[in-house]
Every structure is written in structure tokens, then in C-alpha cells.
Amino acid sequence: MILQDTTNWPTDSLRLANEVLDFIPPEKVDMTPSAPGWYIVGGIFLLIMLVGVVKMYFNYLGDAYKRTAIQQINTINPQSQSLNEGVYQINTILKRVALTTYERDNVAQLSGQDWINFLNDHSNIKFNQNDQDLLLNAAYMKDDSIKEGQLTSLANTAIKWIKNHV
């Protein structure tokens, strides 16, 4: 049996560890693209993003009339005025929106059932029979024959029409 000298064991292992741990670290990897094609792709991406933001801004500006009309409908207060007046104001706001969006010659002369048909034809939102009756006859009705819930229903339908008219 061969006996090994165990007295030099700690120094030998330290020397071996120093030799193994003495390594050269790799060079840092450059993360910038080296091919000019990546700069072109990046430029095209930024250009597309800029065009998208500008388009969204112009759409926002173009929808200002919708926001204004919805705000006006929301300010109609049935407690401070007659319900007939509220229906009249909603009808006036709808007419202004239609005049803003569509040709004046086609919209200005519309009244009665033709006006209701125009509203129903130019949106996915359809006015129900109660709303149609209010728009047609509110000026001729007694104020107490119109319920506040009917005015609220008409206002909600008008807001939906304004948001979704084509």
C-alpha cells in the first residue's frame, strides 16, 4: 500500500485552484446593431409610429363636435326646465350634429318622419317608437304627459347615435 503525503495537500489544492481560476474574461458584447439594415428598420418603425400618433391626434380633433354635443345633452336638466324644452334641445343638438357631418342640402329641410328615418338610416343605433314619438310630437304634448324617464331614454339614445353615426 502506498501512502500519500497528506501534508502538502492544502498547498497543492490552493495552487491548483489558482491555476484553474486564473482565466481571461471574454470581451464585452456590443449591443448596438452592426448592420445598416437595422437602422433602416428602426427608422421605418419610428416613422410608422409618428404617422399613427398624428392620425390619432387628427381623429381626436375631428371628433370635437361629438364631445361637445354629448356634453350639451348631459347638461340638459329636466328639473330646471320643461320636459318639452329638453326634447326640443336634444332634437336641435341632433340636427346640428347631422348638419356638421352630412351635406347641408340633404339635412336642413328634413322634418317629421323623414328626419326620424334619416337618423335611423345613418347609424347602427335605432330610435325606438317612444323616442320617435317624442321627437315628432313633444312640441304639441302637454308637459305633464312626458315622463322624465322618457327624456332620459331619448337622451341616452341620442348620445349613442352621436357616438356611432356613420
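**Helix packing and the C-terminal histidine**

The side chain of histidine 165 reaches the backbone oxygen of isoleucine 162, at a distance of 2.8 Å. In this predicted model, histidine 165 lies in the segment after H8. Its relative accessibility is 9%, and since buried means under 20%, histidine 165 counts as buried. Leaving out residues up to four places away in sequence, histidine 165 touches Tyr65, Lys66, Val97, Thr101, Tyr102, His122 and Ser123. Isoleucine 162, whose backbone oxygen is the partner in the polar pair, is itself one of the buried residues of H8.

The protein chain contains 8 helices and 0 strands, and its pattern along the sequence reads α-α-α-α-α-α-α-α. Of its 166 residues, 24% count as buried. The accessible surface amounts to about 12,500 Å², with 60% of this area belonging to carbon and sulfur atoms. Among contacts with a separation of 6 or more, 63% are between residues 24 or more positions apart.

Helix H8 covers residues 148-164. For its 17 residues, a rise of 1.5 Å a residue gives an expected span of 24 Å, and the end C-alpha atoms are 24 Å apart, so the two values agree. The buried residues of H8 are Leu151, Leu154, Ala155, Thr157, Ala158, Ile159, Trp161 and Ile162. The cover over these residues includes helix H3 (64-74), helix H4 (83-101), helix H6 (112-121) and helix H7 (129-137).

Alanine 158 illustrates the packing of this helix. The residue is located in helix H8 and counts as buried because its relative accessibility is 0%. Apart from neighbours within four places in sequence, alanine 158 is in contact with Ile73, Ile90, Leu94 and Phe127. Two of these partners, Ile90 and Leu94, are listed among the buried residues of H4. Alanine 158 and phenylalanine 127 are separated by 31 residues in sequence, with a C-alpha to C-alpha distance of 8.2 Å.

For H4, the corresponding comparison of length involves 19 residues: the expected span is 27 Å, and the end C-alpha atoms are 27 Å apart, which agrees. Leu83, Asn84, Gly86, Val87, Ile90, Ile93, Leu94, Lys95, Val97 and Ala98 are buried in H4. These buried residues pack against H3, helix H5 (104-107), H6, H7 and H8. Val97, included in the buried set of H4, is also one of the residues touched by histidine 165.

The structure holds 1 salt bridge. It joins aspartate 63 to lysine 66, with the closest N and O atoms 4.0 Å apart. Aspartate 63 is partly exposed, having a relative accessible area of 32%, whereas lysine 66 counts as buried at 18% relative accessibility. Lysine 66 also appears among the residues in contact with histidine 165.

On the surface, Leu47, Leu50, Val51, Val54, Tyr57, Phe58, Tyr60 and Leu61 make a nonpolar patch of about 820 Å². Valine 54, one of the residues of this patch, belongs to helix H2 (residues 36-62). Its relative accessible area is 37%, which places valine 54 in the partly exposed class.

Technical notes: Residues are numbered from 1 along each chain as its sequence is written. This is a predicted model: local features need pLDDT of at least 70, side-chain atom pairs count only at pLDDT 80 or more; totals for chains, interfaces and linings use all residues. Side-chain values use heavy atoms; hydrogens and water are left out. Patches are made of residues with over 30% relative accessible area and no salt bridge: like charges are joined within 9 Å, nonpolar side chains (Val, Leu, Ile, Met, Phe, Trp, Tyr) within 5 Å. Accessible areas come from the Shrake-Rupley method with a 1.4 Å probe; for residues, only the protein chains shown count as cover. A salt bridge is a side-chain nitrogen of Lys or Arg within 4 Å of a carboxyl oxygen of Asp or Glu. Helices (H or I, at least four residues) and strands (E, at least two) are DSSP runs, numbered from the N terminus. Buried means under 20% relative accessible area, exposed over 50%, partly exposed in between (1.4 Å probe, protein chains only). The expected span of a helix is 1.5 Å times one less than its number of residues. Contact means heavy atoms within 4.5 Å. A polar contact is a pair of N or O atoms within 3.5 Å; within protein, one must be able to donate a hydrogen and the other to accept it, and residues adjacent in sequence count only if both atoms are side-chain atoms.
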